[in-house]
Amino acid sequence: MHKVKIISKKYLTRDILEIRTEKPYNFKFIPGHSIMISINNPSFTSPSLIKRPYNFTSLNDDSYLEFIIKLYRERNGLSTQFEKLNIGEMLILEEMFGSHRYVGPGIFIAGGVGIAPFIAIFRQLKKDNAIEGNTLLFSSKTSKDIILEKELKELLGENCIFTLTKENNSNRRIDKLFLIEKVSNFNQHFYICGPDSFARDIKQMISEIKKEREQFDWFIN
Ligand SMILES: Cc1cc2nc3c(=O)[nH]c(=O)nc-3n(C[C@H](O)[C@H](O)[C@H](O)COP(=O)(O)OP(=O)(O)OC[C@H]3O[C@@H](n4cnc5c(N)ncnc54)[C@H](O)[C@@H]3O)c2cc1C
């Protein structure tokens, strides 16, 4: 268990907060992994005493730890408590665990704050000069909600594909047609992160596409 001081706090979008904390001595993690966070402040009422998992978005070589946190202002949960915290206040970090781990080039599909585990992975790949061969399909509500748009474009170039679901005129959800259009090879790694229903639907669509292609191959052979 580590108690770490908040050293910076800034909004990346209207409901996404980037929080940086001090890094404990010799602290190491795997890009894509998460840790349970709670707030070390007895004056907060009970919901804030809960802990929730958040992904590291910094790298091991950075002198700080970084997290990006979506603020669910309509809920009385932990996320909105972060908005009330000041620089110098303390967080408690415990129980690191693996949610995502890079195992080779592939297609990354993220919905909203589901981009969080992929940020550390992409930053590390860029640093290692190994980002080539990876593609990101990133779904956000509107153009104002795209998290770290500029950096993602710089990291992935033309392999960074954004889609918006609540923007006037140009709405497009990730559906089977979208996947078939954007992904040429379905026999590669797929990394998917977003709300439960988003991740479930996309996995289902990918498995259906693969099955359809197998049947087609069998038919023409
Ligand atoms: C492995 C993993 C990694 C994660 N990484 C990140 C990350 O990097 N960044 C990030 O922002 N999040 C991340 N999350 C999500 C994060 O852990 C929290 O679930 C999220 O911040 C919401 O927590 P909360 O306490 O604010 O709200 P919740 O605990 O989800 O909700 C608080 C209360 O609101 C009510 N509620 C729940 N759902 C709704 C709803 N849809 N509408 C209205 N009320 C509702 C419930 O009664 C609940 O008691 C991750 C989750 C996992 C599993």
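**Exercise 1.** In this predicted model, compare the reach of helix H2 (residues 116–127) with the span expected at 1.5 Å a residue.

*Solution.* Begin with the length of the helix, which is 12 residues. The expected span is 1.5 Å times one less than the number of residues, and for helix H2 this is given as 16 Å. Then take the distance from the first C-alpha of H2 to its last, which is 17 Å and therefore close to the expected value. Just after H2, Asn129 takes a positive phi of about 60°.

**Exercise 2.** Determine how many of the 12 residues of H2 are buried, and find which elements cover them.

*Solution.* Count a residue as buried if 20 or more other C-beta atoms lie within 10 Å of its own. By this count nine of the 12 residues are buried, and H2 is mostly covered. Among the buried residues are Ala116, Pro117, Phe118 and Ile119 in the earlier part of the list, and Phe122, Arg123 and Leu125. Their cover includes strand E4 (52–55), E5, strand E7 (106–111), strand E8 (135–140), helix H3 (149–156) and strand E10 (189–193).

**Exercise 3.** Describe how domain 1 (2–98) and domain 2 (106–220) of the protein chain are placed and where they touch.

*Solution.* First, the centres of the two domains, taken over C-alpha atoms, are separated by 26 Å. Next, 13 residues of domain 1 are in contact with 14 residues of domain 2. On the domain 1 side, the elements that give two or more residues to this contact are strand E1 (2–13) and strand E5 (64–70). Finally, the residues of that side divide into six nonpolar, five polar and two charged.

Key: Residues are numbered from 1 along each chain as its sequence is written. This is a predicted model: local features need pLDDT of at least 70, side-chain atom pairs count only at pLDDT 80 or more; totals for chains, interfaces and linings use all residues. Domain bounds come from an automatic or database domain assignment. Two residues are in contact if their C-beta atoms, placed from the backbone, lie within 7 Å. Helices (H or I, at least four residues) and strands (E, at least two) are DSSP runs, numbered from the N terminus. Ala, Val, Leu, Ile, Met, Phe, Trp, Tyr, Cys and Pro count as nonpolar, Asp, Glu, Lys and Arg as charged, and the others, Gly among them, as polar.
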